[in-house]
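Subject: Handing over the structure

Dear colleague,

I am passing this structure on to you, since you will be looking at it for the first time. Please have a look at the sequence and the model, and then read on for the notes that follow.

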Amino acid sequence: MEIDEPEQATDSTEARVEPPRIRRLDESVVNRIAAGEVIQRPASAVKELVENSLDAGATSISVVVKDGGLKLIQVSDNGHGIRYEDLPILCERHTTSKLSTYEDLQTIKSMGFRGEALASMTYVGHVTVTTITEGQLHGYRVSYRDGVMEHEPRPCAAVRGTQIMVENLFYNMIARRKTLQSSSDDYPKIIDLISRFAVHNISVSFSCRKHGANRADVHTVASCSRLDAIRTVYGVSVARDLMEITTSDDNPARSIFKMDGFISNANYVAKKTTMILFINDRLVECTALKRAIEVVYSATLPKASKPFIYMLISLPSEHVDVNMHPTKREVSLLNQESLIETIQTAVESKLMNSNTSRTFQTQAVNSSVYTSQTSHISGKKDPENSAFSSGTKSQKVPVHKMVRTDARDPFGRLHAYWQDGPASQHEKKSDLASVRNAVRLRRNPKESADLTSIHELLGDIDSNVHSGLLDIVKNCTYVGLADEVFALLQHNTHLYLMNVVSVSKELMYQQAIRRFSHFNAIQLSEPAPLQELLMMALKEEDLESVDDDNDDLKQKIAEVNIELLKQKAEMLDELFCIHIDQEGNLTRLPVILDQHTPDMDYVPEFLLSLGNDVDWENEKECFQTISAVLGNFYAIHPPVLPNPFGSGIQFYKKRREASPTKDLGNESANPEDVGEDDVDHELLAEAETAWAQREWTIQHVLFPSMRLFLKPSKSMATNGTFVQVASLEKLYRIFERC
């Protein structure tokens with residue numbers, strides 16, 4: 001293959017292009033560029049001025065805003081004021097009373113320290129300062145522009161403290177001013193900012209109002225507690241759903257800090273996360289911490305709800321780099337990852353032990369997921385048949401479908417016990433889908449059981465953790481389902497197949513151990529008789545036998561198991577929230593994982609395993625085997641109905657009587673040959689709903705909970721639970737050969 005030579009320049013006399021010269025920018029240009037970084041919008045100016053007032057020891061701060069801050073920002077305080085001799089250099093760049101050497105930054109405790117805020121405002125607006133110090137007979141007023149005084153300070157009447165007015169903000173930055181023309185956009189940001197300062201600084205009274213308005217939008221007085229401040233600013237509805245939280249760490253190898261604050265409980269409902277974070281009394285943002293807490297809440301709160309968080313983190317000043325952002329909005333922390341993990345664990349523990357009461361609003365339950373679950377039970381896609389519509393009649397199950405006559409027929413199982421009883425239309429019970437999601441009774445947490453066997457089981461889990469898999473699990477990203485059993489997940493540049501059933505089984509087992517004696521409850525709408533459930537499970541194991549003697553044997557096995565479970569009923573209820581009454585009915589099951597309800601089709605097998613597979617003699621083995629049985633029951637198994645996609649469509653083909661004239665040789669097993677009229681659409685719709693609901697549960701319940709709670713065992717790395725299927729580095733090597 002020939003390589004073309006580069007074309008030569010046709011004109012040798014063509015002049016060369018000279019590189020541009022580097023010039024020093026004019027000082028006014030430099031100052032205006034810096035000002036645009038520090039004062040990004042009116043709310044930035046308000047933040048700087050309020051922080052200066054707090055540094056001045058003010059106990060009362062008043063803010064007045066006009067046109068969202070573009071025409072006027074006025075901040076008045078009763079602090080110590082500004083000395084007369086300091087006024088000439090007040091608005092020059094890098095003039096401050098907070099530090100004198102660079103090393104002072106290591107121990108800085110004030111909120112302002114660089115001396116850029118006031119200077120920046122003078123480059124993008126007109127600044128007027130009125131101030132008086134203690135002992136003076138009168139105050140002084142002076143205006144600034146481009147960092148210098150426009151005139152000598154003039155004596156004037158003044159009250160104690162300082163008043164700073166910033167007018168015509170961004171008058172010389174046309175592009176930015178046009179983007180901020182809507183006052184309705186920036187004024188709420190200023191209100192939110194003052195609200196955050198008011199919640200934290202409970203010894204300071206704040207007010208914020210629009211210019212010309214008689215009533216302040218934020219008005220607080222010095223309060224005795226932070227909860228009172230939150231109640232004043234955000235309302236009673238927010239304050240009543242908050243709980244106090246504290247945690248700390250004093251290990252120099254990890255982190256040294258103390259955190260206290262308030263977080264919302266499970267009853268709090270909001271569409272947007274509100275996080276008020278102060279680090280060493282400095283209002284900052286920490287995206288990593290916010291996301292870590294949101295992940296914890298995502299496994300507890302309804303899908304559309306977000307938490308309210310107030311946190312004050314105190315740590316040695318030398319562990320904080322405050323000089324990270326022009327607006328001081330962000331800071332850098334030493335050992336930040338360890339600090340966040342400790343706080344995340346504390347929030348998780350607080351939430352898990354806080355559900356002494358839980359309020360459910362039935363109107364909020366009507367989402368696409370719950371509607372799909374309702375369709376799963378009723379077999380209809382029509383939303384008018386939803387179980388949440390109290391005025392509609394629930395679908396009646398034909399009598400011949402309430403008893404199983406075919407191994408492949410899913411009807412006649414536990415669904416029979418959730419049918420509506422003979423009651424009035426308004427008193428009818430909701431079906432299984434409503435029970436799963438709307439009728440969850442919460443129990444008061446019992447005293448923590450200080451049992452050596454539980455501590456040993458938890459120690460066994462911790463000592464058997466595979467560190468490599470733990471990193472993958474905590475930092476993976478869900479990709480999708482590969483087939484009925486395996487899901488795809490990505491970690492860094494690697495792609496893995498994960499066995500959903502095995503992982504969910506191990507997760508549920510570990511959660512059963514962790515929540516020992518602290519379970520919340522799922523109340524069954526109707527008691528489910530153990531006799532029928534156990535017989536159903538025993539017949540499932542021996543489908544081919546039709547011998548009456550075998551039925552008598554199964555009857556005896558069922559009776560023995562019922563007596564055993566009734567004897568152990570008190571222990572099962574007290575420690576695992578499995579309630580079996582004296583009549584031999586199952587009435588209550590535990591909540592192993594919030595927002596997850598087990599597939600009720602597997603209740604017969606669960607009860608049979610509970611009677612046969614539990615070691616009731618040894619305490620540790622007893623708790624371990626009961627937790628293992630619960631883990632297997634609550635694991636995310638494939639639905640009983642076959643997958644309706646692909647060849648599974650054959651299951652939903654209607655059975656027809658064989659005709660003597662029909663050519664049997666023309667029948668085909670190809671799914672494409674199944675006609676529209678040959679399919680049982682009602683059963684097919686139920687299967688599609690069940691499989692879609694399972695996929696949603698895997699993505700939105702299993703994966704977030706797995707990242708939070710699962711400690712993968714070493715055996716998972718070798719038994720095929722996790723299998724690496726692709727590596728980006730190896731793919732690059734393959735493509736390089738092409």
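A place to start is cysteine 476, which is buried, with a relative accessible area of 5%. Please keep in mind throughout that this is a predicted model, and that the values below are computed from it.

Cysteines

Two further cysteines are worth a look beside that one: cysteine 91 is buried with a relative accessible area of 0%, and cysteine 577 is likewise buried at 0%. The structure as a whole holds zero disulfides. Cysteine 577 sits in the loop that runs between helix H17 (569–576) and strand E21 (579–580), and its phi is near 60°, which is a positive value in a residue other than glycine.

Strand E12 and the loop after it

A positive phi is also found at asparagine 280, where the angle is near 50° in a residue that, again, is not glycine. Asparagine 280 belongs to the loop between strand E12 (274–279) and strand E13 (282–284), and with a relative accessibility of 25% it counts as partly exposed.

Within strand E12 itself you will find leucine 277, which is buried, with a relative accessible area of 2%. What does leucine 277 contact, once its neighbours within four places in sequence are left aside? Its contacts are Arg282, Leu283, Val284, Glu285, Cys286, Leu289, Met311 and Ile313. For one of these partners, isoleucine 313, the separation from leucine 277 is 36 residues in sequence, while the two C-alpha atoms are 7.8 Å apart in space.

Salt bridges

Side chains of opposite charge can pair when their charged atoms come close. A search of the whole structure finds 12 salt bridges, and three of them are described here as examples, including how exposed each partner is.

In one of them, aspartate 192 pairs with arginine 196, and the closest N and O atoms are 2.8 Å apart. Both residues lie in helix H5 (residues 183–200), where they are four residues apart, about one turn of the helix. Which of the two partners is buried? It is arginine 196, with a relative accessible area of 17%, which falls under the 20% cut-off for buried, whereas aspartate 192, at 32% relative accessibility, counts as partly exposed.

Another salt bridge joins lysine 620 to glutamate 456, with the closest N and O atoms 3.6 Å apart. Lysine 620 lies in helix H19 (residues 619–634) and glutamate 456 in helix H12 (residues 452–463), so this pair ties together parts that are 164 residues apart in sequence. Both ends are partly exposed, lysine 620 having a relative accessible area of 21% and glutamate 456 one of 37%.

There is also a network to look at, in which salt bridges that share partners join Arg83, Glu85 and Asp86. Within this network, aspartate 86 forms a salt bridge with arginine 83, the closest N and O atoms being 3.5 Å apart. Aspartate 86 is partly exposed, with a relative accessible area of 31%, and arginine 83 is partly exposed as well, with a relative accessible area of 49%.

With kind regards

Key:
Residues numbered from 1 in each chain as written. Predicted model: local features only at pLDDT ≥ 70, side-chain atom pairs only at ≥ 80, totals over all residues. Heavy atoms only, no water. Helix = DSSP H or I, 4+ residues; strand = E, 2+ residues; numbered from the N terminus. Buried < 20%, exposed > 50% of the residue type's maximum accessible area, 1.4 Å probe, protein only. Disulfide = S-S within 2.5 Å. Contact = heavy atoms within 4.5 Å. Salt bridge = Lys/Arg side-chain N within 4 Å of Asp/Glu carboxyl O.
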